[in-house]
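Hi,

Here is the structure I promised to send over. Have a look at it first, and my notes on what turned up follow underneath.

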Amino acid sequence: MGHQRAFGRSKETALIAITKMKPRIGVLTSGGDCPGLNAVLRGVVLAAEKLGWEVIGFRDGFEGLLRPGDHVVLDRNSTEGIMALGGTIIGTTNRGHFVAKVGAGDRTIIPAEVITQGREILNKLDIKSLIIVGGDGSMATALQLQEAGIDCIGVPKTIDNDLEATAMTFGFDSAVAAVVDALDRLHTTATSHKRVMVVEVMGRHAGWIALHGGIAGGADIVLIPEIPFDYDMITATIKARDAAGNLGSLVVVAEGAKPKDGQQVMRESKDGEFRLGGIGDIVATEIAKRTGKETRSCVLGHLQRGGAPTTLDRILATRFGVKAVQLANEKHFGSMVSYQNYQVRHVPIAEAVNRLRLVPPNGEMVQTARDVEISFGD
Ligand code: F6P
């Protein structure tokens, strides 16, 4: 059809019509990886190709915007079969020149020359708009780019599921599945040895992974940042279980959990950054001291972030990728894909950043957990 139409015109017009570049859209994945990122990329590519667009993927998050040639054409061939893969085929980073968020609530301004450099690369490639797949920090960067005149669409991602602007992010279900798998395994060894097994899970300042994982994995005690715990209560719960003949116990501790009147546990890394982690060991030592029971601790760490996405995450990620292209097509720039009431919608990025969704301590999920005899150590 395209050729027939072109032949009806002058030779020159026909040549332009044939060689005319397809409209291009850029995409990058930024921040910590999570299962489902590749499913988003595949969704973006297939939806964009349907519109006759070409997709350019920048490598290693925003850093790819600064390195000439550090991009790749993503098409149906290069994204074939990637939906089931964990991680992201175009790489990511949670540090670098574009970091707009340095801690909970802290922000930095991206230097103007960095934005200019990124814009030049986009202009050279004739890329009209950019899909940014990332968490809260990446959305803060997206907002600054949008304010600087670079058209952006945000796609939220985080295993922590802690963004207020979307009821769910892909990656969360896969992370919870990893926790549940670990708890199922630890359950048998805890009961065989009549031990207490303490499992530290991720989630930053939110207890969603610990809460959902704890309920689905049959934990006895779940410690989350939103409900500071008391060692006396944890001890009482374990002793009561022992008295009832339940000699093995499972304790899930969110990395951000803290005792009443205590602090979150952080470790300083070589690069001077502070990361949550270490509370599991402390809780295990204290339980052993107070109950006299053999206690072991286990940190799940990045096992929760790797591996294939669950079915739910593949579907959500695909819907998010397709929606991002629709939003770009409708020129809803400066907006972020959002899941609300079982529908994929959008919200302004400006309204989405820096609004964390924490576990309501008196909410239905916590009450459900209490009703199935999970103690929060409070
Ligand atoms: O935000 C996702 C997350 O996995 C957190 O749950 C965790 O605290 C953090 O990232 C770990 O980051 P990194 O991969 O840099 O160690």
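The buried residues of helix H10 are Asp 313, Leu 316, Ala 317, Phe 320, Gly 321, Lys 323, Ala 324, Val 325, Leu 327 and Ala 328. Please keep in mind that this is a predicted model.

The length of H10 also checks out: its 19 residues should span 27 Å at 1.5 Å a residue, and because its end C-alpha atoms are 27 Å apart, the two agree. Just after H10, Lys 331 takes a positive phi of about 60°.

That part of the chain also takes us to a pocket. Ala 328, one of the buried residues of H10, is in the lining of the second largest pocket, and so is Lys 331. This pocket has a volume of about 160 Å³. The rest of its lining is made up of Pro 23, Arg 24, Ile 25, Trp 53, Lys 128, Ser 129, Asp 151, Asn 329 and Phe 333. Strand S1 (24-29), strand S6 (127-134) and helix H10 (311-329) are the elements that each give two or more residues to this lining. By character, the lining residues are 5 nonpolar, 2 polar and 4 charged.

One more thing to look at is a hairpin formed by S14 and S15, with 2 residues between the strands. Strand S14 covers residues 335-340 and strand S15 residues 343-348; they run antiparallel and are joined by 6 bridges. Gln 340 stands opposite Gln 343 in S15, while Asn 341 in the turn has a positive phi of about 45°.

Happy to talk it through whenever suits you.

Best wishes

Notes
Residues are numbered from 1 along each chain as its sequence is written. This is a predicted model: local features need pLDDT of at least 70, side-chain atom pairs count only at pLDDT 80 or more; totals for chains, interfaces and linings use all residues. Side-chain values use heavy atoms; hydrogens and water are left out. Two strands pair if DSSP finds at least two bridges between them. Helices (H or I, at least four residues) and strands (E, at least two) are DSSP runs, numbered from the N terminus. On a 1 Å grid over the protein atoms alone, a cavity is a set of points where a 1.4 Å probe fits but cannot get out, and a pocket is an open set with protein on both sides within 12 Å along at least five of seven lines; lining residues have an atom within 4 Å of a point. Grid points are joined across faces, edges and corners, and a volume is the space filled by probe spheres set on the points. Ala, Val, Leu, Ile, Met, Phe, Trp, Tyr, Cys and Pro count as nonpolar, Asp, Glu, Lys and Arg as charged, and the others, Gly among them, as polar. The expected span of a helix is 1.5 Å times one less than its number of residues. Buried means under 20% relative accessible area, exposed over 50%, partly exposed in between (1.4 Å probe, protein chains only).
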